[in-house]
Structures are given as C-alpha cells and as structure tokens.
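Student: Could we go through how the chains of this model fit together? Please show the sequence and structure before we begin.

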Protein chains: 2
Amino acid sequence: MNKPAHTQFPIHALVQERWSPRAFANEPVEEQKLQSLLEAARWAASCFNEQPWGFLVATKQQTDAHDNMLTCLADANQIWAKHAPVLMLTVAKLNFAHNGKSNRHAFHDVGLAVGNLVTQATALGLSVHQMAGILPDKAKSLYNIPDDHEAVTGLAIGYIGDPQQLPDELRERELAQRTRHPLSDFVFTGQWGQSSAFL
Amino acid sequence: MNKPAHTQFPIHALVQERWSPRAFANEPVEEQKLQSLLEAARWAASCFNEQPWGFLVATKQQTDAHDNMLTCLADANQIWAKHAPVLMLTVAKLNFAHNGKSNRHAFHDVGLAVGNLVTQATALGLSVHQMAGILPDKAKSLYNIPDDHEAVTGLAIGYIGDPQQLPDELRERELAQRTRHPLSDFVFTGQWGQSSAFL
C-alpha cells in the first residue's frame with residue numbers, strides 16, 4: 001500500500017512517499033536496517049552540536065521489552081502499535097552539557113534527528129508512525145530516564161501491513177486521503193500573513 | 001566543497017551529504033526550488049496533523065526584506081549569513097487550533113518540517129545552515145508574529161561557496177571534520193544507559 005502526498009510543487013520521492021501507517025506486517029526489521037536508522041538520526045544538525053536526542057529501542061523478538069514499551073503509549077496507540085515489530089521512545093536532553101542552561105531547541109532538534117531516521121526508513125522500504133500520545137512520566141520511571149531528560153514521542157517502525165487487519169475506524173483513517181494546509185497559509189514575506197510572491 | 005558524514009553504518013546520500021556551510025555562492029536560488037523546499041516542509045508529520053509551522057522568507061533580490069531579516073539574527077550569524085541568497089525564519093504555533101491548549105510538540109514538529117526542507121534542499125544541490133542564534137522578540141515585533149507563535153530558528157539557504165571568502169576563524173570551522181557522539185551514547189534498550197545489542 002502506498003499513499004504518496006498530492007503535492008502542488010514537485011518534491012523528492014523520499015519525502016513524498018513517507019506517511020504514517022497503523023497496519024504493520026508481521027515481519028521483523030533487519031538489525032542492519034536498525035543500525036542505519038539510528039546512524040541517520042545521529043547526523044542531524046543541532047544547536048551547538050549538542051545532539052540532545054536519545055532513543056530507547058524495543059523489538060518484538062524480545063517480547064518483554066516490547067510489552068514494557070507498549071505500556072508507555074496512550075491506550076489508543078497501543079491498539080495498533082502492539083503489532084509493530086520495532087518500537088522506540090525518543091528522549092530530549094533539556095539542558096546544555098557545556099553550561100547546564102536550558103536548551104530551547106531540545107525538542108526541535110529531536111525532531112530533526114527523527115526526521116533523518118524517517119527519511120532513512122523510507123529509503124529502506126520501512127514505515128514509521130510517530131506518536132505524540134505517550135506517557136512521559138511512566139517512561140521516565142520505567143527506564144530511569146535522567147532528571148534533565150524527557151520522553152518526547154513514540155515511534156512504531158516496520159514493513160507496511162494490510163489495512164484489513166485494522167479495526168473499522170482505524171482502517172478508514174488508514175485509507176483516507178492525506179491533507180495539509182495550503183502553502184499560502186504558512187509561508188509569508190515581509191509581514192506575518194502576507195503571501196510570498198513566488199507562491 | 002563536500003563534507004559527507006563519516007558514518008559507522010551506511011545511510012542514504014541525502015542524509016550523509018547534508019551539512020551546514022557558512023560560505024554561500026553569490027548566486028540566487030530559483031523560485032521553483034524555493035517552492036519545492038516549502039512543499040517538502042508542508043508534508044511533514046505532526047501531532048494531530050496540527051502543522052504548527054510557519055516560514056518567513058526573504059531573498060537577496062529584495063534587498064530591504066533581506067536586510068530586515070538579517071537584523072533578527074545574532075551578530076555572530078549576521079557576519080556570514082548576510083551573503084546567503086535566501087534567509088528564512090521558522091515559527092512555531094504554540095497552541096492547538098482545535099482546543100487552544102498548549103502543543104508540547106510544536107517545536108519538535110517544526111523540526112520535522114525543517115528536516116524535510118533540508119532533505120529537499122540537498123536533493124536540489126542546495127545547502128542550508130540552521131541557526132538557533134536568532135532574536136525571537138525582535139522577529140515577533142518586526143513581522144507582527146501572532147501572540148501564540150514564536151520564532152524558532154533562522155535558515156540560511158543557497159549554493160555552497162568558497163571557504164576562502166570567510167574570515168579566518170570561520171574558515172577553520174568550515175574545513176574542520178564533522179563530529180558526533182557514538183551511537184552507544186544515546187541508543188539504549190531496557191534501561192537508560194544500557195547499550196542495545198544490535199549496535
């Protein structure tokens with residue numbers, strides 16, 4: 001199954017083909033591919049090259065680890081994410097190493113790292129569904145995440161599955177058209193709200 | 001000039017070749033490429049599909065707009081960013097449209113959108129230097145950015161230039177090796193700090 005973005009202007013296939021499925025195939029992800037996903041995340045840009053990202057990883061081959069990580073997801077996500085062969089929690093380090101001050105861009109830079117991971121996944125034929133719906137406090141105590149760190153998102157990763165395996169409501173969402181605001185709603189020149197001439 | 005990441009595991013060329021130069025060629029960026037950069041940003045994932053990102057864009061062809069945006073950058077960035085043919089400010093919408101509540105992932109999702117933009121730029125032979133060093137309050141008043149929004153980063157975009165055009169200290173940084181923490185420092189399984197077996 002494919003759900004490429006219907007774009008107004010041409011974009012690279014790796015960006016166009018990325019989307020967030022809920023149906024995953026019952027097929028493990030090769031270790032070499034996991035290595036490449038995390039290596040891609042590693043090379044993201046970050047403020048002061050702080051690299052304020054961390055990843056907790058659980059694969060379905062280790063049933064206990066997978067079950068434990070599932071308990072850190074919101075119930076609505078557990079329903080489908082339990083079938084994903086790989087789960088991850090992303091973590092942000094909130095303070096700078098060099099001076100202990102608050103890093104305003106910690107969450108932003110985790111986003112950059114995850115963006116790289118997702119691009120790499122797409123290149124390897126994998127799909128990633130990012131979840132904001134997690135329980136950061138639960139994750140913190142379960143994994144002993146340090147004090148100045150915070151769980152940011154969950155990632156469900158694997159090969160795409162058959163939408164028919166999903167409950168009715170989720171299957172509908174799986175098959176629905178992808179939508180985005182028009183560029184003129186969020187790209188401006190000169191003043192906020194003033195459309196850019198090149199659009 | 002090229003500065004590919006020296007990776008431990010293989011990654012896609014678009015991720016490997018991305019880096020953040022300070023020397024830009026004195027050459028404009030085609031409008032079609034700008035369109036594709038922002039279209040790529042548009043299709044990022046976001047929490048509740050909120051799309052909490054905005055972009056203010058200034059090109060060197062409009063001298064006033066470019067000069068104005070420069071004033072929103074930290075002095076240390078203005079030195080080199082003034083030569084970039086395209087400048088952008090990224091903006092986060094801090095509250096959800098559907099209920100007005102705080103969006104914990106606003107900055108994170110701006111990072112995802114910028115990640116897409118940067119991947120698209122790399123695919124088109126462009127370079128992007130992201131800057132955390134901006135003046136968000138100045139940007140807010142200059143561009144009338146709405147109350148529940150905040151400028152996040154600056155972007156300098158263009159074709160790569162000759163490092164020789166940079167002042168000594170910046171030239172050294174331009175030519176220096178790129179470094180990242182090893183994967184074993186930030187990828188864990190079971191407990192924070194416990195290395196994953198597949199690494």
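Tutor: Strands (E, at least two residues) and helices (H or I, at least four) are DSSP runs, numbered from the N terminus; two strands pair if DSSP finds at least two bridges between them. This is a predicted model, where local features need pLDDT of at least 70, side-chain atom pairs count only at pLDDT 80 or more, and totals for chains, interfaces and linings use all residues. Residues are numbered from 1 along each chain as its sequence is written, and chains are lettered from A and ligands numbered from 1 in the order in which they are written.

Student: Which residue of β5(B) stands opposite L56(A)?

Tutor: β1(A) is joined by two bridges to β5 of chain B, residues 187-188, and the strands run parallel. Opposite L56(A) in β5(B) stands F188(B).

Student: Which element gives the largest share of the side of chain A that touches chain B?

Tutor: Residues are in contact if their C-beta atoms, placed from the backbone, lie within 7 Å. Chain A and chain B put 62 residues each into the contact. Among the elements of chain A supplying at least two residues are α2 (31-42) and β1 (53-59). The largest share, twelve residues, comes from α5(A).

Student: What rotation superposes chain A on chain B?

Tutor: The fit is by least squares on the C-alpha atoms of residues with pLDDT of at least 70 in both copies. The RMSD is 0.0 Å, with 0.0 Å of shift along the axis. The rotation is 180°.

How values were computed
Two residues are in contact if their C-beta atoms, placed from the backbone, lie within 7 Å.
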